[in-house]
Amino acid sequence: MREVADGVFFSSGCGSNWILLREDDELTLVDAGYPGDAPQVADDVRRLVGSPSKVRAVLVTHAHVDHIGTVPGLLSHWDVPVLAHPDEIPALHGEVHDQAGARDVLANLSAPHMARWILTVLRAGGLSHVAVPSASPLPLGGPLDVPGHPEPVASPGHSLGHAAFLLRDAGILLSGDALITGHRLSVVDGPQMLPEFFARDPQAALDGLDVFADLPVGLILPGHGNPWQGKVREAVERARVRSASQTSR
Ligand SMILES: [Zn+2]
């Protein structure tokens with residue numbers, strides 16, 4: 001875990017990232033890793049605020065297992081609201097399953113590093129079916145009244161109700177899986193889209209990058225890959241160019 005801006009902490013686990021926002025000794029957790037990341041998430045919280053009772057909210061960019069994997073376990077010890085975009089709630093409740101499955105993986109077995117990635121997922125508990133029945137829809141239209149005051153930015157495509165979060169004053173975008181900067185299946189670093197088979201609607205995900213382009217952002221904290229410094233418009237352009245070069249191969 002490292003502090004990337006005042007009160008903004010970035011942490012990487014088995015194969016995905018989460019972010020902790022600290023304000024006045026209280027925390028917001030944004031995403032929560034794979035099930036196998038539970039000890040690290042709990043340790044991050046302990047190091048920052050001492051006790052899980054100081055966590056005011058868990059925000060979820062989307063309901064995939066690499067982002068909500070530790071939430072059910074954490075909720076058995078923590079009494080904290082879990083919030084996501086209204087369109088993502090059915091997936092979080094486990095009423096619909098909106099994630100790449102074994103069939104998608106088998107169809108893409110020849111992708112670079114696939115064997116290594118499958119091993120990571122197996123070790124991280126990524127085959128578990130994780131749901132959060134207590135999750136509720138977050139209010140849209142402005143900063144949330146939780147530590148760090150993140151502002152939801154609807155960014156559907158990767159999943160139906162994917163939301164990124166903007167820290168307007170800090171100029172930081174928590175982009176989730178709508179825009180990433182690296183992945184165990186990727187051979188390059190820097191702004192890019194996840195492989196298409198992970199997305200519910202890859203074209204919508206690509207088109208949807210427009211919502212980020214004019215945001216006042218100089219630092220992107222993605223769901224996969226390293227923090228990326230620079231104008232978000234440039235990141236969007238780079239992701240589009242990379243995506244076009246992949247599909248033309
Ligand atoms: Zn992910």
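Start by selecting strands S3 (17-23), S10 (172-176) and S11: each of them supplies at least two residues to the lining of the largest cavity. You're looking at a predicted model, by the way. To see the whole lining, select Asn-17, Trp-18, Ile-19, Val-30, Asp-31, Thr-61, Leu-174, Ser-175, Gly-176, Leu-221, Pro-222 and Gly-223. The space they enclose comes to about 50 Å³. Colour the lining by class and you'll get 6 nonpolar, 5 polar and 1 charged residue.

Where is the other cavity? A search of the whole structure turns up 2 of 30 Å³ or more, so clear your selection and pick Ser-155, Pro-156, Ala-178, Ala-205, Gly-208, Leu-209 and Phe-212, which line the second largest one. This one holds about 40 Å³ of space. Its lining has 5 nonpolar and 2 polar residues, with no charged ones.

**On to the metal**

Now click on the zinc ion and show its donors: Asp-66 (OD), His-67 (NE2), Asp-177 (OD) and His-224 (NE2), sitting at 2.0 to 2.1 Å. What does the arrangement of the 4 donor atoms count as? It's irregular, because the angles they subtend run from 89 to 161°. If you'd like to find the donors in the sequence panel, look for the spacing D-H-x109-D-x46-H.

Keep the two histidines highlighted. His-67 belongs to helix H2 (residues 65-68), while His-224 is in the loop between strand S11 (219-222) and strand S12 (228-229), so this pair ties together parts that are 157 residues apart in sequence. Switch on a surface and see whether you can still spot them. Are they buried or exposed? His-67 is buried, with a relative accessible area of 0%, and His-224 is buried too, at 3%.

**Then the salt bridges**

The whole structure has 7 salt bridges; here are three stops among them.

Select Lys-54 and Asp-25 first. Their side chains meet in a salt bridge, 3.0 Å from N to O. Lys-54 is in the loop between helix H1 (38-49) and strand S5 (55-59), and Asp-25 is in the loop between S3 and strand S4 (26-30), so the pair ties together parts 29 residues apart in sequence. Lys-54 is partly exposed, at 26% relative accessible area, and Asp-25 is partly exposed at 39%.

Next, pick Arg-168 and Glu-151, whose side chains form a salt bridge at 2.9 Å, N to O. This pair links distant parts of the chain, 17 residues apart: Arg-168 is in the loop between strand S9 (163-167) and S10, and Glu-151 is in strand S8 (residues 151-154). Try the surface again here. Arg-168 is partly exposed, with a relative accessible area of 44%, whereas Glu-151 counts as buried at 15%.

Last stop: Asp-214 and Arg-233. Draw a distance line and you'll find their salt bridge at 2.3 Å, N to O. Asp-214 sits in the loop between helix H8 (210-213) and S11, and Arg-233 sits in helix H9 (residues 232-247), so to place both in your sequence panel, look 19 residues apart. On the surface, Asp-214 counts as exposed at 64% relative accessibility, and Arg-233 is partly exposed at 39%.

How values were computed:
Residues numbered from 1 in each chain as written. Predicted model: local features only at pLDDT ≥ 70, side-chain atom pairs only at ≥ 80, totals over all residues. Heavy atoms only, no water. Donors = N, O, S within 2.8 Å, 3.2 Å for Na, K, Ca; no water. Tetrahedral: all angles 85-135°; square planar, octahedral: opposite > 155°, others 65-115°. Helix = DSSP H or I, 4+ residues; strand = E, 2+ residues; numbered from the N terminus. Buried < 20%, exposed > 50% of the residue type's maximum accessible area, 1.4 Å probe, protein only. 1 Å grid on protein atoms, 1.4 Å probe; cavity = no way out; pocket = protein on both sides within 12 Å on 5 of 7 lines; lining within 4 Å. Points joined across faces, edges and corners; volume = space filled by probe spheres on them. Nonpolar A, V, L, I, M, F, W, Y, C, P; charged D, E, K, R; others polar. Salt bridge = Lys/Arg side-chain N within 4 Å of Asp/Glu carboxyl O.
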